[in-house]
Amino acid sequence: LLGASAVVGRRRQQFLRANLTRRAASTAARAGGGYDYDLFTIGGGSGGVRGSRWAANQFGAKVGLAELPFEIVSSKFSAGGLGGTCVIRGCVPKKLLIYGSHFREEIADAAGYGWSLPDGAEPRLDWQALIQAKNAEVTRLNGIYKKLLDGASVDYHEGYGKVVDPHTVEVNGKRFTSKYICVATGSRATKLAILGVDLPGVVTSDEALALPKLPEKLVVVGGGYIAVEFAGYFHGYGTEVHLVYRADLPLRGFDKDVREHLAETLKAKGIRLHPGVNPAAIEETGDGKLRFKTDAGSEIVVDNVMLATGRKPNSQDLGLEEAGVAMDPRSGKVIVDEHSRTSVDSIFAIGDVTDRIQLTPVALMEGMAMARTMFGDAPSKPDYENVPSAVFSQPPIGTCGLSEETAAKKYGSVDVYLAKFKPMKHTMPTGRGDEEKYLMKMIVVSDGFEGAGRVVGCHMVGAEAGEMMQGIGVAMKAGATKAHFDSTVGIHPTAAEEWCTMRTKTRTTAAKNAAL
């Protein structure tokens with residue numbers, strides 16, 4: 001007990017010293033230029049809020065933040081909300097709707113385990129109740145973000161913020177000066193330049209998460225992660241889904257085995273795939289439906305068309321160009337250095353507006369590193385190596401590190417370990433084994449090459465892929481080798497144990513044979 005008391009005492013002294021240091025740093029910062037704020041952030045999404053809170057809590061900075069009023073569906077100048085895209089109209093509501101979309105197949109799977117419903121009984125979906133419950137949850141989270149800012153003593157200014165000069169921002173006509181400015185305005189969904197994209201019923205991911213009625217038939221245009229995620233959950237709720245993409249496989253940039261396996265399982269589930277096809281036009285049919293036309297001459301009559309063809313950095317009409325901030329002329333992304341500093345020394349940018357890695361946890365990392373650079377002892381830069389991620393398709397994907405082709409080109413030669421198998425759950429007579437088949441793939445630097453034995457890529461398709469990949473990401477960040485995985489005892493019976501039992505090499509890929 002005495003030892004524990006001493007530890008507590010030392011920790012309290014360390015905490016008090018740290019607070020005094022932060023206060024001293026803040027006082028020095030505020031006294032330096034006579035600004036209203038040490039940091040003013042434009043954008044209240046995950047990255048902007050984290051960077052602002054970190055600057056205030058960890059370094060005692062005086063911080064202001066501007067964000068648009070809360071609405072479920074956003075608009076450029078008038079509707080947004082604390083929490084940003086991820087919390088209000090992205091990761092969180094999407095995952096909630098994905099959870100709900102699995103119940104229909106879970107009920108069907110139950111028959112393989114002896115369960116049955118009364119004769120004639122069928123599960124019934126109340127779509128309006130689902131959307132209302134989802135909206136209530138994201139509204140609650142929006143309120144929590146406001147409490148987080150209040151708890152960090154960050155001043156919240158509701159309205160459209162823009163940069164006036166390197167040390168001044170304007171919100172609803174009122175100006176504030178700041179030593180530093182952070183642009184954290186995220187990205188916005190784009191629409192294709194084809195006839196009919198502005199017709200009622202043509203939506204982006206924003207509106208698709210808040211449709212008043214579940215479509216009986218839907219076209220999803222795009223082959224990226226947003227497209228496959230939305231296609232999966234709408235299919236789960238009973239919609240006939242047509243996934244239209246111009247490549248031969250979905251998920252360009254992902255490992256080829258993953259792409260092929262996902263396409264096979266999506267098809268097995270009953271999602272209609274249209275590879276190698278481009279949209280040509282969208283027309284009204286006159287009876288509340290839409291006619292979707294392709295460049296292949298095919299037509300599909302549907303209730304809604306969802307455009308999931310990309311997102312663009314939200315950098316326009318913010319006063320950045322006038323303030324001297326350099327942006328990519330083609331994409332609109334704000335150009336930053338390794339410390340998230342723009343071409344103007346006092347202006348930083350983080351998150352999707354910089355178009356580095358468009359993931360919420362990456363924006364959080366960038367926000368914290370930015371705060372340390374501004375107010376800490378030394379500049380700090382985000383670390384983008386071995387960032388794990390997930391695609392919540394059905395089945396989901398988890399990935400960390402390099403694809404086989406990229407790894408071979410980087411290291412000269414890699415050994416590939418690949419396993420495909422039916423989940424234990426579906427060895428019972430559910431009838432869905434082909435829809436849920438696992439793929440696990442490990443990529444290891446070959447003997448005789450620098451870094452030999454190191455695991456440089458792990459990819460999987462299958463249930464709980466994201467949960468597994470988080471732990472694997474920690475191992476890869478620590479420099480795990482194939483020998484480390486081989487010497488780890490697996491947990492039986494689980495799918496995850498396969499990572500520790502892949503002993504037989506599938507193939508070796510040399511740089512000269514790797515085709516990107």
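Which hand, left or right, does the crossing of α2 and α11 have?

**Entry 1: two packed helices**

I opened the model, which is predicted, and went to this pair of helices. The crossing of α2 with α11 turned out to be right-handed. I noted that two packed helices are described by the angle between their axes and the distance between the axes, and I looked up both. Helix α2 covers residues 46-59 and helix α11 covers residues 360-375; they pack at about 35 degrees, and their axes lie 8 Å apart. I then listed who meets whom: on the α2 side I found Ser46, Gly47, Arg50, Gly51, Trp54, Ala55 and Phe59, and on the α11 side Thr360, Ala363, Leu364, Gly367, Met368, Met370, Ala371, Arg372 and Phe375. Sorted by class, this contact holds nine nonpolar, five polar and two charged residues.

**Entry 2: α11 in its surroundings**

I stayed with α11 and checked its length, and its 16 residues reach 23 Å from the first C-alpha to the last, close to the 22 Å expected at 1.5 Å a residue. Twelve of these 16 residues are buried, so I wrote down that α11 is largely enclosed by the rest of the structure. Among the buried ones are Val362, Glu366, Ala369, Thr373 and Met374. The buried residues of α11 pack against α2, and also against β1 (37-42), β6 (174-183) and β17.

**Entry 3: helix α6**

How far apart are the end C-alpha atoms of α6? I found 36 Å, which agrees with the span that its 25 residues (127-151) should have at 1.5 Å a residue. I also marked its buried residues, which are Trp127, Ile131, Lys134, Val138, Leu141, Asn142, Tyr145 and Leu149. I reminded myself that an α-helix has 3.6 residues a turn, so residues three or four places apart point the same way. Following the buried residues of α6 outward, I saw them pack against the helices α2, α3 (84-89), α4 (91-101) and α8 (225-236), and against the strands β2 (63-67) and β3 (155-158).

**Entry 4: a sheet of six strands**

Next I traced an open sheet, whose six strands follow the order β18-β19-β22-β21-β20-β23 and pair in the antiparallel way. Its edge strands are β18 (389-391) and β23 (507-510), each of which pairs on one side only. From one strand to the next, the twist averages 20 degrees. I looked at one pairing in detail: β20 (residues 413-421) and β23 are antiparallel and share four bridges, and Asp415 stands opposite Thr508 in β23. Helix α9 (residues 256-269) packs on this sheet, where it touches β19 (397-401), β20, β21 (438-445), β22 (455-461) and β23, and its direction makes about 175 degrees with that of β21.

**Entry 5: a hairpin**

I moved on to β13 (residues 290-294) and β14, which run antiparallel and are joined by four bridges. Leu290 has Val302 in β14 as its bridge partner. The two strands form a hairpin with four residues between them, and Gly297 in the turn has a positive phi of about 90 degrees. In a regular strand the side chains alternate between the two faces of the sheet. I checked this along β14 (residues 299-302): Ile300 and Val302 point to one face and are buried, whereas Glu299 and Val301 point to the other and are not.

**Entry 6: single residues in loops**

Which residue is joined to Gln394 by a cis peptide bond? I found Pro395, with omega at about 5 degrees, in the loop between β18 and β19. A cis bond also joins His492 and Pro493, with omega at about -5 degrees, and Pro493 lies in the loop between α14 (482-486) and β23.

I then looked up two residues other than glycine that have a positive phi: Asn386, near 55 degrees, and Glu464, near 65 degrees. Asn386 sits in the loop between α11 and β18, and I call it buried because its relative accessible area is 13%, under the 20% limit. Glu464 is in the loop between β22 and α13 (465-477), and it counts as exposed because its relative accessibility is 52%, over the 50% limit.

My last stop was Asp345, in the loop between α10 (320-323) and β17 (347-349). With a relative accessibility of 56%, Asp345 counts as exposed. Its C-alpha atom is separated by 45 Å from that of Gly276, and these two residues are 69 residues apart along the chain.

How values were computed
Residues numbered from 1 in each chain as written. Predicted model: local features only at pLDDT ≥ 70, side-chain atom pairs only at ≥ 80, totals over all residues. Heavy atoms only, no water. Axes fitted to C-alpha atoms, helices over the stretch in contact; angles between N-to-C directions. Left-handed = near helix turned anticlockwise from the far one by under 90°. Contact = heavy atoms within 4.5 Å. Nonpolar A, V, L, I, M, F, W, Y, C, P; charged D, E, K, R; others polar. Pairing = 2+ DSSP bridges. Expected span 1.5 Å × (residues − 1). Buried < 20%, exposed > 50% of the residue type's maximum accessible area, 1.4 Å probe, protein only.
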